[in-house]
Structure formats: structure tokens, C-alpha cells
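Student: I have a structure open on my screen and would like to talk it through with you. Could we start with the charged pairs and then move to the helices and the core?

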Amino acid sequence: MVRGYEDMIPHLMLYAMRDTPAARSATSALFSGIERYDESHGTDLMGMLRVYLQENANVSATAARLYMHRNTLTYRLKKVEELAPIDLSSADGRFKAMMGLYLLDLGNHREA
């Protein structure tokens, strides 16, 4: 797929702010609880969250893509909401999570 410049504007905006203290603070606030949980429990809630958002919050499509039962996925999504200030039932919450993941992808990882 060929993308035009206008399709890249959100990515360019995030790229420009990826190394700012505000971006580091925001991604840490969003994801540090999930990252700690994943590290201590050997899970991949971050990866599951990414797939869920890529599948437009469609539980059936996400469960199928991850070879996971819908109930298991639903349980784990609730765990994400417990660990992070993200409301996955709202468009705003999903937007916040997606922007945070984009920032992480651009190299804005939380400081150790």
C-alpha cells in the first residue's frame, strides 16, 4: 500500500515528540504497570493490547488472531484496565493506548 503525506501526519507529529520528557512520562504512566506485570508473570499483555487495538477492539477477531478463547481475552483485557489508566470501552481510552504504543514503537521507552 502506498501512503500519501497526509496519511503520515500523525506519525510525523509523534516522531517529533518521541524523546520529550512529556512523552516519556506519559508512556511510563500508561504502561509501566503492564510492563511490570508482564515481566513478573511471564505474560505479554502489552502484545495482546497491541493486537486488540489493531483489530479495532473486536474481541472475536483478536481472540482468533491470538489463538485464544474469547473469555480468556476478556479476562486479560480487564487485567490491562486494572494495571493501567486505560478505559478500553471508550474510544478515548483506546486512542490514548494506541498513541502510547506508537510512541513506544518510535523508541520512547520508559527510563529504567
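Student: Which side chain meets Glu-55 in a salt bridge?

Tutor: Happy to help, and first a word on the source: this is a predicted model, where local features need pLDDT of at least 70, side-chain atom pairs count only at pLDDT 80 or more, and totals for chains, interfaces and linings use all residues. Residues are numbered from 1 along each chain as its sequence is written, and side-chain values use heavy atoms, leaving out hydrogens and water. A salt bridge here is a side-chain nitrogen of Lys or Arg within 4 Å of a carboxyl oxygen of Asp or Glu. At 3.1 Å, N to O, the partner of Glu-55 is Arg-65.

Student: Where do Glu-55 and Arg-65 lie?

Tutor: Helices (H or I, at least four residues) and strands (E, at least two) are DSSP runs, numbered from the N terminus. The pair links distant parts of the chain, ten residues apart. Glu-55 is in the loop between H3 and helix H4 (59-65), and Arg-65 is in helix H4.

Student: How many salt bridges are there by this rule?

Tutor: Besides Glu-55 with Arg-65, there is Arg-50 with Asp-105 at 2.9 Å, N to O. Glu-82 and Lys-79 also meet, at 3.3 Å, N to O. The count comes to three salt bridges.

Student: Which helices does the pair Arg-50 and Asp-105 tie together?

Tutor: The two side chains meet in a salt bridge. Arg-50 and Asp-105 are 55 residues apart in sequence, so the pair ties together separate parts of the chain. Those parts are helix H3 (residues 45-54) and helix H6 (residues 91-105).

Student: Is Lys-79 buried or exposed?

Tutor: Buried means under 20% relative accessible area, exposed over 50%, and partly exposed in between (1.4 Å probe, protein chains only). Glu-82, its partner in the salt bridge, is exposed at 60%. Both lie in helix H5 (residues 70-83), three residues apart, about one turn of the helix. With a relative accessible area of 18%, Lys-79 is buried.

Student: By how many degrees does H2 bend at Phe-31?

Tutor: Helix H2 (residues 21-41) has 21 residues and reaches 29 Å from its first C-alpha to its last, close to the 30 Å expected. That expected span is 1.5 Å times one less than the number of residues. The bend is the angle between axes fitted to the seven residues ending at a residue and the seven starting there, and at Phe-31 it is about 50°.

Student: Which residues have the most contacts inside the largest nonpolar core?

Tutor: A nonpolar core is a set of buried Ala, Val, Leu, Ile, Met, Phe, Trp, Tyr and Cys residues joined through side-chain atoms within 4.5 Å. The largest one has 23 residues, and those with the most contacts inside it are Phe-31, Ile-34 and Leu-49.

Student: Which helix gives the most to this core?

Tutor: The core has 23 residues, and H2, H3, H5 and H6 each supply at least two of them. With six residues, the helix that gives the most is H3.

Student: What is Leu-49 in contact with, leaving aside its neighbours within four places in sequence?

Tutor: Contact means heavy atoms within 4.5 Å. Two of the partners, Phe-31 and Ile-34, are also among the buried residues of H2. The full list for Leu-49 is Phe-31, Ile-34, Val-80, Leu-88, Ala-97 and Leu-101.
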